Amino acid sequence: MLKKTRSAPETRRGKISLDDCVAAFDDYLRRKDLRVTAPRRTVLEKVYAIHDHFDADDLLVELRRKGLRVSRATIYRTLELMDGAGLVKKTSFTDNKVYYEFAYGHGHHDHLICKACGKIVEFKDEVIEARQESVCRRFGFAIACHSHKIYGFCPACRRKGVDMS
């Protein structure tokens, strides 16, 4: 699993409960004429409990460690459905793997990524957001979404003298 820094789940999710997420996911599945199944619910509950960026294999290992039997295919399909429902967000970092993070009730943010240790720091900066909007207005561009990632070296790695080339 990636190293990261993220605010506590109660702060990050505000008043979004697991029940809220279950209701949103169930509604999404029904609108898509898909069944609400126990394996999908298991994946949703585990993802809700994860407070890091994770990949599908991380999730599989964690579920198996807890003695929960969910197939790899079910995990991948459920994560895709959760992405479509707005419960998780897909992203990639330096290794071109697809990572997920819980997104329901979690506002937009950007990432600082340490190239040496993989630490991820989430941040929100209104000045950066305003500047991006200004650039889009200048070019007549309508924003659908965006991702802002800054790669560099965290203070701990710089103190250790890591090679920054």
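## Aromatic pairs

Two aromatic pairs are found in this predicted model. In one of them, Y48 and F102, the ring centres lie 5.4 Å apart and the planes meet at 85 degrees, so the arrangement is edge-to-face. Y48 belongs to helix 3 (residues 38-49) and F102 to strand 3 (residues 98-102), so that distant parts of the chain, 54 residues apart, are linked by this pair.

Both partners are shielded from solvent: Y48 is buried at 18% relative accessibility, and F102 is buried at 0%.

## Helix 3 and the nonpolar core

Helix 3 consists of twelve residues. From its first C-alpha to its last it reaches 17 Å, close to the 16 Å expected at 1.5 Å a residue. Its buried residues are R40, T42, V43, L44, K46, V47 and Y48.

The largest nonpolar core contains 25 residues, and those touching the most other members are V43, V47, L59, I75, L79 and M82. At least two residues of this core come from each of helix 2, helix 3, helix 4 (56-65), helix 5 (72-84) and strand 3. Helix 2 supplies the largest share, six residues. For L59, the contacts beyond its neighbours within four places in sequence are V43, K46, V47, I50, F54, I75 and L79.

## Salt bridge between helix 2 and helix 3

Across the whole structure, eight salt bridges are found. One of them joins R41 to D26, with the closest N and O atoms 2.8 Å apart. This pair also links distant parts of the chain, as R41 lies in helix 3 and D26 in helix 2, 15 residues apart.

D26 is located in helix 2 (residues 18-31). Which residues does D26 contact, leaving aside its neighbours within four places in sequence? They are V36 and R41. The two members of the salt bridge fall into separate accessibility classes: D26 is buried, because its relative accessible area of 10% is under 20%, whereas R41 is partly exposed at 24%.

## Network around E62

E62 forms a salt bridge with K46, the closest N and O atoms being separated by 3.3 Å. Here E62 is in helix 4 and K46 in helix 3, 16 residues apart, and the pair links distant parts of the chain. Both residues are buried: E62 has a relative accessibility of 17%, and K46 has a relative accessible area of 16%.

E62 forms a further salt bridge with R65, with the closest N and O atoms 2.6 Å apart. These two residues both lie in helix 4, three residues apart, which is about one turn of the helix. R65 is exposed, with a relative accessible area of 58%. Through shared partners, the salt bridges join K46, E62 and R65 into one network.

## Cysteines

The number of disulfides is zero. C114 takes part in no disulfide, and its nearest cysteine sulfur, that of C117, is 3.7 Å away. Because a disulfide requires sulfur atoms within 2.5 Å, this pair does not qualify. C114 is buried, with a relative accessible area of 4%.

Why is C145 not bonded to C136? The sulfur of C136 is the closest cysteine sulfur to that of C145, yet the separation is 11 Å, too far for a bond. With a relative accessibility of 68%, C145 counts as exposed, whereas C114 is buried.

How values were computed. Residues are numbered from 1 along each chain as its sequence is written. This is a predicted model: local features need pLDDT of at least 70, side-chain atom pairs count only at pLDDT 80 or more; totals for chains, interfaces and linings use all residues. Side-chain values use heavy atoms; hydrogens and water are left out. Buried means under 20% relative accessible area, exposed over 50%, partly exposed in between (1.4 Å probe, protein chains only). Helices (H or I, at least four residues) and strands (E, at least two) are DSSP runs, numbered from the N terminus. Contact means heavy atoms within 4.5 Å. Rings of Phe, Tyr and Trp (its six-membered ring) pair if their centres lie within 6.5 Å; planes under 30 degrees apart count as stacked, over 60 as edge-to-face and the rest as tilted. The expected span of a helix is 1.5 Å times one less than its number of residues. A nonpolar core is a set of buried Ala, Val, Leu, Ile, Met, Phe, Trp, Tyr and Cys residues joined through side-chain atoms within 4.5 Å. A salt bridge is a side-chain nitrogen of Lys or Arg within 4 Å of a carboxyl oxygen of Asp or Glu.
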